[in-house]
Amino acid sequence: MTEGRRGGLRGWSAARGAVSSGLRFTSLRLRLVVVFGLVALTAAVSASGIAYWLNREAVLTRAQDAALDDFEREMQAHASTLPLHPTAAQLEVAARQMTEDGRLFSVLLVAEDADGTQVRGSSDTSALHGFTLEDVPEPLRKAVDKEQPITSGNKHAYHLYWQRVVDEDRPYLVGGAKVIGGGPTGYMLKSLEPEAKDLNSLAWSLGIATGLALVGAALLAQAAAGTVLKPVHRLGIAAHRLGEGKLDTRLRVSGTDELAELSRTFNRAAESLEKQVADMSARDEASRRFVADMSHELRTPLTAITAVTEVLEEELDAETGSLDPMIEPAVRLVVSETRRLNDLVENLMEVTRFDAGTARLVLDDVDIADQITACIDARAWLDAVELDAERGIMARLDPRRLDVILANLIGNALKHGGSPVRVSVREEGEDLLIEVRDNGPGIAEDVLPHVFDRFYKASASRPRSEGSGLGLSIALENAHIHGGGIIAANSPKGGAVFALRLPRDASPLIAEDPGHSGDAAGEGSGREGNGG
Amino acid sequence: MRRHGMGQNEPVPSLLLIEDDDAIRTALELSLTRQGHRVATAASGEDGLKLLREQRPDLIVLDVMLPGIDGFEVCRRIRRTDQLPIILLTARSDDIDVVVGLESGADDYVVKPVQGRVLDARIRAVLRRGEREANDSATFGNVVIDRAAMTVTKNGEDLQLTPTELRLLLELSRRPGQALSRQQLLRLVWEHDYLGDSRLVDACVQRLRAKVEDVPSSPTLIRTVRGVGYRLDAPQ
């Protein structure tokens, strides 16, 4: 029961570990991708931004300078030849002449006729998109019309001004100049659309290049993450295996980078761990073997002594009076202490069998009520124990081990709680629940976690005749080997309660071990009182 | 179960104790002699086998751990020719001992450190198995159990059964068709209390089947009843 729950917990935490490690790896991968992406984006955007801006200026300035130069030339060639007060028709002709040679701009000439009214002539007179004065922004017109003071640094009264405007989403260059000496004012309008198109396609290309750089960066990040994360992942798996107790886990080391160094460190750590664990278990094994051998060795003289003390005991019982009254108590002491020594050695051997994992179940189908009755009857406890169990509750278990558990629990209850001890049997699903309840003072809270510890004595002052100190520990081991458990607690009504839980059928535990040989049954400790 | 002294007209059982440890051998000899047995002792398996041929004891108490040929081998050699009862002295930590010992043909076992009166009770229980109790006979197929002569014949031929095997067959044949639990059989045949080792029953049934059944691996007489025990089928 306890084992199962512990196992479940292990499995759960292992599963959780796997999930969280997966998340961690993903997030590191993600971080790498993001960082690479950001680097690539910054580099690409700044590079293409600068390239675009430089290009744009170069292209626009060249187109603009060429157009303005042409305009200036044409103004000098045609506009300056016009009369001071030209007619609209004259202006129009001049404007057309200015744009005749395949110039890619429109020209608008503005002048005052003899009456002082403004006349205009445009090279582009189409109704919809004709180049009119409205197309020229107001500030530009003012700047063009403004007469500059002639200084040493400025030799001309009027300058050529230009401005870029956007009309209906199309970029235009508008320029204006006044013919010095009261000539007409000329404006030019040049569409910058071809340049804008070039620049647009440049921007697109740069955008695509940036996008490709990002994709490349992501791929590179993936690859880099792979080279980093794969060893890290392997390391994680190896560490997990190590944690599971597979101490021979080693990593294959390749390369000389930091990760290889980490793998080497891991291998060294695993090696030293394996060695330490091996040393420790060897020491443990040695001391265990020592106890086993020791109790084994003790048994040979004990067998001889036991056989002989019985002869002495019978001599006492025979009441022949042949024994010296001084000798009699000595003989009784030898007999009873030999019995205790037998119990102790027997318990020690039982414990070493559990420690070495050689304890086996010998299963049989038994009636639980009959078994408990027999157990308390064999120890002459019938008057001290109240049994609440229905006959007919069958279980498949090891009768000898059940007897050991019951004898220890009931014996312990009688010792500390006094009679009557109540034993009740209940069925709970697939389990059997046997409760041993006494009327004593209960178990102190600080003692409760240790009641199943070996040789744990609740108080140092307790007389040494209280038992071997192994009884409850052996009872618990016997419950565990059945796949069950014992829980010690205090009853709210007072007194200690030991709840023994056993599966009704322990055979699945044996099925895994076809070669089981079973433990030898025989004279359990405490059966000596059964004679007669 | 404890019996002090023997009845005047009861023959004194003669035992052969094979045990290599001097102290144990001396102590057990002392104790068993006090319980009213005639005890011969041997310190090794070889000596024991020699003594067996010379003295013909009623029962052998045999230590498992012996120098030279071990207790199991002694047991197997005795069983080749003899059906006399054997009780093994085993060390409990060696669980495999019990199984191997029972497979080699031992009738019962006791665990060291053994108490003289427990050993005595086992010895008497084993010896009682050969005692006659009824005067009838029963037939199960080609097997005839003659309770008067304490013999079992199969197809007219005498079967060599140990007293324990014979007693087991008798107890089963007394309740034909009725399943007996291992614990019941332990009480009836071995006179063990509620903590008897069910492996004794299983091992003895195996040996009995080997002698009684036509095909021991698919028994038709001594059937296993799952979750209960064994049953002797009434003749068809």
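Is B:Glu191 buried, exposed or partly exposed, and how many other C-beta atoms lie within 10 Å? In this predicted model, B:Glu191 is partly exposed, since 18 other C-beta atoms lie within 10 Å, and a residue counts as buried only from 20 upwards. With the residue selected, its backbone is worth a look, for phi of B:Glu191 is near 60°, a positive value in a residue other than glycine. The surrounding segment is the loop between helix H7 (182-190) and helix H8 (198-212) of chain B.

**Chain B as a whole**

Widen the selection to chain B, which has eight helices and 12 strands. Of its 236 residues, 47% are buried. Among the contacts in chain B with a separation of 6 or more, 57% are between residues 24 or more positions apart.

**B:Asp63 and its surroundings**

Next select B:Asp63, where an unreviewed UniProt entry places the feature "modified residue: 4-aspartylphosphate". This aspartate belongs to strand E3 (residues 59-63) of chain B. Is B:Asp63 buried or exposed? B:Asp63 is buried, because 27 other C-beta atoms lie within 10 Å and 20 are enough for that class. To show its contacts, leaving aside residues up to four places away in sequence, add B:Ile18, B:Glu19, B:Asp20, B:Gly71 and B:Leu89 to the selection.

**A cis peptide bond in chain B**

Move along the chain to B:Lys112 and B:Pro113, which are joined by a cis peptide bond with omega at about 0°. Most peptide bonds are trans, and most residues other than glycine have a negative phi. B:Pro113 itself sits in the loop between strand E5 (108-112) and helix H5 (116-128) of chain B.

**Where the two chains meet**

Now display both chains and select the residues in contact across them, which are 40 residues of chain A and 38 residues of chain B. On the side of chain A that touches chain B, at least two residues each are supplied by H5, H6, strand E6 (364-367), helix H7 (368-378) and helix H8 (399-417) of chain A. The largest share of that side, 14 residues, comes from H5(A). Coloured by class, the residues of this side of chain A divide into 15 nonpolar, 13 polar and 12 charged.

**The helix pair H5 and H6 of chain A**

Keep chain A and select helix H5 (residues 258-317) together with helix H6 (residues 327-356), whose axes come within 8 Å and cross at roughly 150°. That angle makes H5(A) roughly antiparallel to H6(A), because the class begins over 145 degrees. Viewed as a pair, H5(A) passes H6(A) in a left-handed crossing. The contact of H5(A) with H6(A) has 15 nonpolar, six polar and six charged residues.

**A:Ala380**

From this pair, go to A:Ala380, which is found in the loop between H7 and strand E7 (385-388) of chain A. Although A:Ala380 is not a glycine, its phi is positive, at about 60°. A:Ala380 counts as exposed, because it has 10 C-beta neighbours inside 10 Å and the class extends to 12 or fewer.

**Helix H9 of chain A**

Which residues of H9(A) are buried? Select helix H9 (residues 471-481) of chain A, which is mostly covered, with nine of its 11 residues buried. The buried residues are A:Gly471, A:Leu472, A:Ser473, A:Ile474, A:Ala475, A:Leu476, A:Glu477, A:Asn478 and A:Ala479. To see what they pack against, add H6, H8, strand E11 (485-490) and strand E12 (496-503) of chain A. H9(A) is followed by A:Gly483, whose phi is positive, near 85°.

**The annotated transmembrane region**

For the last stop, select residues 32-54 of chain A, where an unreviewed UniProt entry places the feature "transmembrane region". In the model, the chain over residues 32-54 of chain A is 100% helix and 0% strand, and the end C-alpha atoms are 33 Å apart. Then pick out A:Gly49, which lies in helix H1 (residues 2-78) of chain A. A:Gly49 is partly exposed, with 13 other C-beta atoms within 10 Å. Finally, draw a distance from A:Gly49 to A:Leu206: their C-alpha atoms are separated by 8.4 Å, although the two are 157 residues apart along the chain.

Terms used
Residues are numbered from 1 along each chain as its sequence is written. Chains are lettered from A and ligands numbered from 1 in the order in which they are written. This is a predicted model: local features need pLDDT of at least 70, side-chain atom pairs count only at pLDDT 80 or more; totals for chains, interfaces and linings use all residues. Axes are lines fitted to C-alpha atoms, for helices over the stretch in contact, and angles run from 0 to 180 degrees between N-to-C directions. Helices (H or I, at least four residues) and strands (E, at least two) are DSSP runs, numbered from the N terminus. Angles under 35 degrees count as roughly parallel, over 145 as roughly antiparallel, 65 to 115 as roughly perpendicular and the rest as oblique. A crossing is left-handed if the near helix is turned anticlockwise from the far one by less than a right angle, and right-handed if clockwise. Ala, Val, Leu, Ile, Met, Phe, Trp, Tyr, Cys and Pro count as nonpolar, Asp, Glu, Lys and Arg as charged, and the others, Gly among them, as polar. UniProt positions are given in the numbering used here, feature names are shortened, and annotations may be inferred rather than shown by experiment. Two residues are in contact if their C-beta atoms, placed from the backbone, lie within 7 Å.
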